[in-house]
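Thank you for making the time today. I would like to walk you through a structure that is new to most of us, and I will take it slowly.

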Amino acid sequence: AEFADAPMKRVVEVLEEKGLSRARIGVEQKYVSETYFQDLKSRVPNATLRSCDSVFDRARMVKTAPEIEALRLAAVGTDEAIRRALHTARPGDPEHKLARVMSDSLFEIGKGEFRDLSWGVASGPNILITHYWTGDRQLAFDEMVRINVRSTIKGYYSHLYRMAVVGQANERHRSWYQKARDVHYRAMDRLRPGARACDLYHAARKDIEDAGA
């Protein structure tokens with residue numbers, strides 16, 4: 001029962017059942033809170049607990065066919081939900097209307113399997129707010145819109161952003177979009193085995209600064 005039985009108590013029962021209470025045990029510490037980890041240590045004082053995060057990280061790098069299909073469905077479904085929201089948007093609509101369209105679409109596309117939904121719909125000056133949620137602000141003609149939705153399906157994440165314009169895009173809008181697109185594609189081109197995440201980040205940041213974005 002949640003919040004009644006200590007989770008680590010159950011874990012230790014299984015370890016003892018398998019004769020592992022004095023064994024060397026790997027723990028994925030990035031996913032276990034410090035409270036639970038200390039509780040586990042106190043319940044198996046004769047065991048040797050070691051971090052095995054790197055083992056799990058390497059294993060997760062290789063995707064099985066069902067995992068690849070789940071990732072494909074997550075990406076395609078999320079992209080379609082954003083497309084529907086933008087297709088139905090009209091000047092005067094509140095930002096949260098687009099969020100509702102995305103949420104309803106993901107529920108329909110995934111037959112209820114999409115979980116942990118969160119979204120952002122920012123228009124006008126709101127696009128400059130990092131991690132903006134959504135609000136009552138109405139879409140206005142000739143303004144840009146930044147829209148995104150994140151969710152999970154079968155345990156796999158999808159998170160996509162899109163840019164749009166209310167009405168017809170002018171040269172200024174196209175220039176902003178082209179800068180963002182070019183930085184995005186250059187960042188993707190740098191994704192190679194052995195590349196360090198910090199180097200990718202700093203290179204993308206420099207591209208943004210060079211573009212004057």
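I will go through the aromatic residues, then a buried strand residue, then the salt bridges, and finally the cysteines.

Please keep in mind throughout that what you see is a predicted model.

Let me begin with the aromatic rings, where the structure holds 1 aromatic pair. The two partners are W119 and W133, whose ring centres lie 5.5 Å apart, and because their planes meet at 35 degrees, the pair is described as tilted. It is a pair that links distant parts of the chain, since W119 sits in strand β3, which covers residues 114–123, while W133 belongs to the loop between β3 and β4, with 14 residues separating the two. How buried or exposed is each of these tryptophans? W119 has a relative accessible area of 21%, and so it counts as partly exposed, and W133, with a value of 48%, is partly exposed as well.

Another tryptophan, W176, is found in helix α6, which spans residues 171–189. Together with M163 and Y177, W176 makes up a nonpolar patch on the surface, and the accessible area of the three residues together is about 300 Å². W176 itself is partly exposed, at 39% relative accessibility.

Let me turn now to a residue of the interior, I153, which is placed in strand β4. Its relative accessibility is 1%, so I153 counts as buried. Which residues does I153 touch, if we do not count those up to four places away in sequence? The answer is A70, L73, A74, E113 and F114. You may also like to find P66 on the screen, because the C-alpha atoms of I153 and P66 are separated by 12 Å, although the two residues are 87 residues apart along the chain.

The next topic is charge, and here a search of the whole structure finds 19 salt bridges, of which I will show you a few. One of them joins R43 to D39, with the closest N and O atoms 3.0 Å apart. Both residues lie in helix α2, residues 34–43, and they are 4 residues apart, which is about one turn of the helix. R43 is partly exposed, with a relative accessible area of 34%.

A further salt bridge is formed by R137 and E143, where the closest N and O atoms are 2.8 Å apart. On the one side, R137 is partly exposed at 28%, whereas E143, with a relative accessible area of 18%, is buried. Elsewhere, salt bridges that share partners join E80, R83, R84 and E108 into one network.

Within that network, the side chains of R84 and E80 meet at 3.0 Å, N to O. Both belong to helix α4, residues 65–88, where they stand 4 residues apart, about one turn of the helix. R84 is partly exposed at 23% relative accessibility, and E80 is partly exposed at 23% too. R84 also appears among the contacts of S105, which, leaving aside its neighbours within four places in sequence, is in contact with A81 and R84. S105 lies in helix α5, residues 95–109, and it is buried, with a relative accessible area of 5%.

Last, the cysteines: how many disulfides are there? The count comes to 0. C52 is buried at 12% relative accessibility, whereas C198 is partly exposed, with a relative accessible area of 38%.

Methods. Residues are numbered from 1 along each chain as its sequence is written. This is a predicted model: local features need pLDDT of at least 70, side-chain atom pairs count only at pLDDT 80 or more; totals for chains, interfaces and linings use all residues. Side-chain values use heavy atoms; hydrogens and water are left out. Rings of Phe, Tyr and Trp (its six-membered ring) pair if their centres lie within 6.5 Å; planes under 30 degrees apart count as stacked, over 60 as edge-to-face and the rest as tilted. Buried means under 20% relative accessible area, exposed over 50%, partly exposed in between (1.4 Å probe, protein chains only). Patches are made of residues with over 30% relative accessible area and no salt bridge: like charges are joined within 9 Å, nonpolar side chains (Val, Leu, Ile, Met, Phe, Trp, Tyr) within 5 Å. Accessible areas come from the Shrake-Rupley method with a 1.4 Å probe; for residues, only the protein chains shown count as cover. A salt bridge is a side-chain nitrogen of Lys or Arg within 4 Å of a carboxyl oxygen of Asp or Glu. Contact means heavy atoms within 4.5 Å. A disulfide is a pair of cysteine sulfur atoms within 2.5 Å.
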